[in-house]
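Open the model in your viewer and keep the sequence panel visible. The stops below are given in the order in which to select them.

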Amino acid sequence: MNIRCRSNELDEHIKKHFDRLGILPEQFDSEIMELTVVPGGMTESEAGLHYANFRYRYVMYIERLPKAQLALLALLIQNYLDRCDDVRDRFDLPDVKLDVISLDRGATVDVDATVEFVDPAYLVQVDGGLILFNGAEYDAGEYDLRVAETLDSVDGEIGDTD
């Protein structure tokens, strides 16, 4: 069983449109900045036992996006959320925030798009499961969490954490 990771889905959605956005893969990066684990409803469903919710802030970085494509990027992000984020309204998540820095006399922009997500985590009862709950063994499957390994910039000073 895999726990759904909406930020990975959004990454893939945007990557499908790199050509139309006028960006190369090396101009794109993303990461999860904060993760809070909140107890779930402890209810049973076809998906399993709703054990927890992963609430997190995700940031997508795009360097040197052609400024003419900024609105298209914003619409693609919103379109993914409208079509695929079925828990967004239930958790009253904030709107997408785009921080934009103008470059090359306004021809290109660096964009940090911040999106908050909630991914419900369901457990399935299995023998030998790692999670014990109410005397039973459950498995949570995989949750793909990417964490920054290096620090590129702080207050304009270049640094490296290696």
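Select R64, which is found in strand β3. This is a predicted model. Look at the backbone here: R64 is not a glycine, yet its phi is positive, about 55 degrees. The residue is partly exposed, with a relative accessible area of 41%.

Next, go to D92, in the loop between α3 and β4 (97–103). Its phi is also a positive value, near 50 degrees, in a residue other than glycine. Is D92 buried or exposed? With a relative accessible area of 66%, D92 is exposed.

Now select residues 6–15, which make up helix α1. Seven of these 10 residues are buried, so the helix is largely enclosed by the rest of the structure. To see them, color R6, S7, N8, L10, D11, H13 and I14. Which elements do these buried residues pack against? Show α2 (18–21), α3 (70–84) and the strands β1 (28–39), β3 (48–66) and β5 (108–125): the buried residues of α1 pack against each of them.

Stay on α1 and show the side chain of R6, which is buried, with a relative accessible area of 3%. Add D85: R6 forms a salt bridge with this residue, and the closest N and O atoms are 3.1 Å apart. R6 lies in helix α1 and D85 in the loop between α3 and β4, so the pair ties together parts that are 79 residues apart in sequence. D85 is buried, as is R6.

Then add D119, another salt-bridge partner of R6, with the closest N and O atoms 2.9 Å apart. Because D119 lies in strand β5 and R6 in helix α1, this pair ties together parts that are 113 residues apart in sequence. D119 has a relative accessibility of 0%, so it counts as buried.

For another salt bridge, select D99 and K97, whose closest N and O atoms are 3.7 Å apart. D99 counts as partly exposed, at 34% relative accessibility. K97 is partly exposed too, with a relative accessible area of 48%.

Finally, select R4, R6, E9, D85, D86, R88 and D119 together: salt bridges that share partners join these residues into one network. How many salt bridges does the model hold? The count comes to 11. In general, side chains of opposite charge can pair when their charged atoms come close.

Definitions and conventions
Residues numbered from 1 in each chain as written. Predicted model: local features only at pLDDT ≥ 70, side-chain atom pairs only at ≥ 80, totals over all residues. Heavy atoms only, no water. Buried < 20%, exposed > 50% of the residue type's maximum accessible area, 1.4 Å probe, protein only. Helix = DSSP H or I, 4+ residues; strand = E, 2+ residues; numbered from the N terminus. Contact = heavy atoms within 4.5 Å. Salt bridge = Lys/Arg side-chain N within 4 Å of Asp/Glu carboxyl O.
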